[in-house]
Amino acid sequence: MAADISKLLESIIEKMDLIEADEIPNIDLYMDQVTTFMESHLGNLKRNPEDKVLTKTMINNYAKTELLPSPDKKKYSKNHVIMLTFIYYFKNVLSISDIKTLMRKITAGHFKEGSKPEMEEIYNEILQFQPDIIEMVKADLEKKTEIARESFTDLPEDTEYLRLFSLLCFLSFDVYLKKTLVEAVIDKIELQERDRRDKKAKEKTKEKTNHAAGES
């Protein structure tokens, strides 16, 4: 079991083609060019061959819901592609609403050219730690596999499948716990932003009231 799972993880890692920032064209791209680029770099991990990494409909919906800034004359910049890369990974575990909350400050403060730091700098900063994260995942998988291997020791039959089932339960609970943690942090971000909006609205109302009182 352990050898098979380790080989499976290695095969997944080998297929991963993390998009380096310098691989993204510095020229603006049309929609078809964007989808082709994303498919060529992220298509290796599709579960089914007929699945699409990104479609025109998805991109249009992201723009309509203001998750993704609108293209300039139907062309998408390097920052658009970086945003779409973040969205691609997030959407596998988070709702579009949660991604919008999470990315709102990034889009507002770092999407425009000349921002400090710019989107590319943020992307590169995160990407440089991916090898370390992969090693941590490997080590964690080894620990969980060892625990699963020690389960169901008193059963004479079908122990291999039951131990595999144990491992998948451990991994699923781990994903569930981390996903719940991410959602809790996003809820906190949303609450803080709502409080700031309410505070600003109250201040504006107070200013209008004081101005009206001064005129009278």
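Me: Buried means under 20% relative accessible area, exposed over 50%, and partly exposed in between (1.4 Å probe, protein chains only). Which is F86, buried or exposed?

Reply: This is a predicted model: local features need pLDDT of at least 70, side-chain atom pairs count only at pLDDT 80 or more, and totals for chains, interfaces and linings use all residues. Residues are numbered from 1 along each chain as its sequence is written, and side-chain values use heavy atoms, leaving out hydrogens and water. The relative accessibility of F86 is 13%, so F86 counts as buried.

Me: What kind of aromatic pair do F86 and F90 form?

Reply: The structure holds three aromatic pairs. Between F86 and F90 the centres are 6.3 Å apart and the planes 15 degrees apart. Rings of Phe, Tyr and Trp (its six-membered ring) pair if their centres lie within 6.5 Å; planes under 30 degrees apart count as stacked, over 60 as edge-to-face and the rest as tilted. The F86–F90 pair is therefore stacked.

Me: Which helix holds both F86 and F90?

Reply: Helices (H or I, at least four residues) are DSSP runs, numbered from the N terminus. F86 and F90 are four residues apart, about one turn. An α-helix has 3.6 residues a turn, so residues three or four places apart point the same way. Both residues lie in residues 78-90, helix 4.

Me: Which residue joins F86 and F90 in one aromatic cluster?

Reply: F90 is partly exposed, at 24% relative accessible area. The cluster takes in F86, F90 and Y123. The name asked for is Y123.

Me: Which helix gives the most to the largest nonpolar core?

Reply: A nonpolar core is a set of buried Ala, Val, Leu, Ile, Met, Phe, Trp, Tyr and Cys residues joined through side-chain atoms within 4.5 Å. The largest has 31 residues, and V34, M38, L54, I59 and L84 have the most contacts inside it. Helices 2, 3, 4, 5 and 6 each supply at least two residues. With seven residues, the most comes from helix 4.

Me: What do the end C-alpha atoms of helix 7 span?

Reply: The expected span is 1.5 Å times one less than the number of residues. Helix 7 (residues 130-149) has 20 residues, so 28 Å is expected. The model agrees, at 28 Å.

Me: How wide an arc do the buried residues of helix 7 cover?

Reply: The buried residues are I134, K138, L141, K144, T145 and A148. They lie on the same side of helix 7, because their arc (of the directions from the helix axis to the C-beta atoms) is only 135 degrees.
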